[in-house]
Amino acid sequence: EEVEQTYIMIKPDGVQRGLVGEIISRFERKGFKLTGLKLFQCPKELAEEHYKDLKSKLFFPKLIDYITSGPVVCMAWEGIGVVASARKLIGATNPLNAEPGTIRGDLAVQTGRNVVHGSDSPDNGKREIGLWFEEGELCAWAAVREPWLIE
Ligand code: DAT
Ligand code: MG
């Protein structure tokens with residue numbers, strides 16, 4: 001039961017479709033702690049760095065166009081097991097395979113418009129938060145609800 005950090009991002013379709021509040025509330029209600037939040041127009045170079053492991057894929061140029069097509073909402077979330085738990089809340093990469101109750105399962109239909117990103121490991125959580133946030137943009141704070149969430 002390790003305290004971890006994950007990078008969650010609402011992609012341009014989520015912002016355009018007015019799903020920002022809906023998506024943030026799912027992580028908030030679960031009991032994770034928000035430690036960074038901003039609306040941001042992503043430059044191409046940053047999108048390419050973020051998705052560098054997919055550089056060889058045929059869909060890479062389309063993915064970069066999509067992520068840079070409008071503002072995204074960048075978030076850092078903290079909590080016990082937050083990396084894997086956030087991936088479960090988000091659901092499968094292809095929204096048609098994502099379970100009902102997940103963000104992609106409830107709110108999306110296509111892989112190329114799957115509304116949200118979540119880090120796939122604690123190491124990538126740290127890497128991606130470092131990539132998308134300046135140190136002064138992150139906030140360490142004590143949540144008063146914590147004793148009611150963690151025994
Ligand atoms: P995830 O976002 O679930 O971690 P991933 O890391 O494998 O999935 O891929 C990153 C993003 O790239 C994904 O959210 C959408 C896009 N993508 C992945 N596979 C794709 C495919 N086969 N066709 C088009 N886009 C794809
Ligand atoms: Mg991924």
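**Group meeting: a walk through the fold**

Let me begin with overall size: for a chain of 151 residues, a compact globule would be expected to have a radius of gyration near 15 Å, and since the protein chain comes out at 15 Å, the two agree. Please keep in mind throughout that this is a predicted model, and that the values I quote are computed from it. Along its principal axes, the C-alpha trace spans about 45 × 35 × 25 Å.

Turning to the secondary structure, the chain contains seven helices and four strands, and if you follow them along the sequence you read the pattern β-α-α-β-α-α-β-α-α-β-α. As for how the parts of the chain meet, 78% of the contacts with a separation of 6 or more are between residues 24 or more positions apart.

Next, the surface and the interior. Of the 151 residues, 42% are buried, while the chain exposes about 8600 Å², of which carbon and sulfur atoms supply 53%. There are 19 positive and 22 negative charges, and the mean positions of these two sets lie 6 Å apart.

I would now like to look at strand β1, which covers residues 3-10 and is mostly covered, with six of its eight residues buried. Which strands does β1 pair with? One partner is strand β3, residues 72-80, which runs antiparallel to β1 and is joined to it by eight bridges; within that pairing, valine 3 has isoleucine 80 as its bridge partner. Another partner is strand β4, residues 116-118, again in the antiparallel sense, this time over three bridges, and here isoleucine 10 of the chain stands opposite valine 116. As a general reminder for anyone looking along these strands on the screen, side chains in a regular strand alternate between the two faces of the sheet.

Finally, a single residue, arginine 26, which sits in helix α2, residues 20-30. Is arginine 26 buried or exposed? The relative accessible area of arginine 26 is 14%, and because the cut-off for buried is under 20%, this arginine counts as buried. What does arginine 26 touch, if we leave out residues up to four places away in sequence? The answer is Leu89, Gly101, Thr102, Ile103, Asp106 and Leu107.

To close, I would suggest keeping two places in view as you turn the model: strand β1, with β3 and β4 as its antiparallel partners, and arginine 26, buried in the predicted model with Asp106 among the residues it touches.

How values were computed
Residues numbered from 1 in each chain as written. Chains lettered and ligands numbered in written order. Predicted model: local features only at pLDDT ≥ 70, side-chain atom pairs only at ≥ 80, totals over all residues. Heavy atoms only, no water. Rg over C-alpha atoms; globule rule 2.2 N^0.38 Å. Buried < 20%, exposed > 50% of the residue type's maximum accessible area, 1.4 Å probe, protein only. Contact = heavy atoms within 4.5 Å. Areas by Shrake-Rupley, 256 points an atom, 1.4 Å probe, with all protein chains shown as cover. Lys, Arg positive; Asp, Glu negative; His and termini not counted. Charge placed at Lys NZ, Arg CZ, Asp CG, Glu CD. Pairing = 2+ DSSP bridges.
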